[in-house]
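Me: Hi! I am new to this structure and would like to walk through it in questions and answers. Could you show it first?

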Amino acid sequence: MKLFLDTADFSEIQKAYLTGLIDGVTTNPTLGLKAGKTLYGIAGDILQACPTIESVSCEVVADTAAEMLDQAQTFLPLGEAVTIKVPCTIEGLKACRFLAEDGIKTNVTLVFSVAQAILAAKAGATYISPFVGRCNDNSFSGVELVRAIANTYATQRVSTQILAASLRDVHHVSRCFAYGADVCTLPPKVFWKMYEHVLTDQGLAQFENDWATANQPFK
Ligand code: G3P
């Protein structure tokens, strides 16, 4: 059960990494644009500052597998945690297969069906990224997609890991893990909401109050 952070915001990554609860980071061109940095620059910063991180997804964007493989070459020297993120297209799957054969970690992204997940597994993907929130945006259940992929992978003994992405709230995270996701990648605001509960706050207030009262005689 692994938690990745879905952001290219370096200060957010550093802050969350210090909790010791973050296993990896996923980036994409949109997140890079928001952060105002190239994915290469961001990946380099993360790998330098977060030495125990197991995976940093670096997305390639091109029409052909050959171009994707060329782009991958720029990221790979950054470190072993580099995970090449390819789109779930035929060219992306071809690139995935080549990279997998060389022992390079891959993440097949923009997955919206079990059929796509099957092809990605056949291509040797390390991770696949079903976009849960965007399924819901389009009137089908993202968490049910995660469940269906997990059932198929379990039946077929597939080692590709399900990396649930496009998660918009804490409930998505809980459901995805319950339904068989191996990894959830979270926007920072969702990560920081995971520990919050009103009953924890209430209980803590009571304990603090009672602690202060009980310790009065010893002051
Ligand atoms: O990991 C994919 C994610 O960044 C997309 O999220 O909310 O734009 O669908 P969203």
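Reply: Happy to! One term to begin with: buried means under 20% relative accessible area, exposed over 50%, and partly exposed in between, with a 1.4 Å probe and protein chains only. Helices (H or I, at least four residues) and strands (E, at least two) are DSSP runs, numbered from the N terminus. This is a predicted model, in which local features need pLDDT of at least 70 and side-chain atom pairs count only at pLDDT 80 or more, while totals for chains, interfaces and linings use all residues. Residues are numbered from 1 along each chain as its sequence is written, and side-chain values use heavy atoms, with hydrogens and water left out.

Me: How many helices and strands does the protein chain have?

Reply: The C-alpha trace of the protein chain spans about 75 × 35 × 30 Å along its principal axes. Of its 219 residues, 44% count as buried. The secondary structure comes to 11 helices and eight strands.

Me: In strand 6, are the residues Y127, S129, I128 and P130 buried or exposed?

Reply: Strand 6 covers residues 127–130. Y127 and S129 point one way from the strand, and I128 and P130 the other way. Whichever way they point, all are buried.

Me: Which residue stands opposite P130?

Reply: Two strands pair if DSSP finds at least two bridges between them. Strand 5 (residues 105–111) and strand 6 pair in the parallel sense over three bridges. Opposite P130 in strand 6 stands V111.

Me: Why are the buried residues I13, A16 and Y17 on the same side of helix 1?

Reply: Helix 1 runs over residues 10–17, and I13, A16 and Y17 are buried there. The arc is that of the directions from the helix axis to the C-beta atoms. They are on the same side of helix 1 because they cover an arc of only 100°.

Me: What covers the buried residues of helix 1?

Reply: Contact here means heavy atoms within 4.5 Å. The cover includes strand 1 (2–6), strand 2 (24–26), helix 3 (39–49) and helix 10 (188–193).

Me: Which residues is C96 in contact with, leaving aside neighbours within four places in sequence?

Reply: C96 lies in helix 5 (residues 90–101) and counts as buried, at 0% relative accessibility. Its C-alpha atom is separated by 6.0 Å from that of A123, 27 residues apart along the chain. Leaving those neighbours aside, C96 is in contact with V86, T106, V108, A123, G124 and A125.

Me: How much of the ligand does the protein bury?

Reply: The ligand is surrounded by D6, N28, L31, F131, R134, A165, S166 and R168, each with a heavy atom within 4 Å of it. Oxygen atoms of the ligand take part in polar contacts (pairs of N or O atoms within 3.5 Å): one is 2.7 Å from an N or O atom in the side chain of R134, and a polar side-chain atom of S166 also lies 2.7 Å from a ligand oxygen, while for R168 the distance is 2.8 Å. Taken alone the ligand exposes 310 Å² (Shrake-Rupley method, 1.4 Å probe), and the share the protein buries is 80%.

Me: Is S139, with its positive phi, buried or exposed?

Reply: Phi of S139 is near 70°, a positive value in a residue other than glycine. S139 sits in the loop between helix 7 (132–137) and helix 8 (142–156). At 72% relative accessibility, S139 counts as exposed.

Key
Polar contact = N/O pair within 3.5 Å; in protein donor to acceptor, adjacent residues only side chain to side chain.
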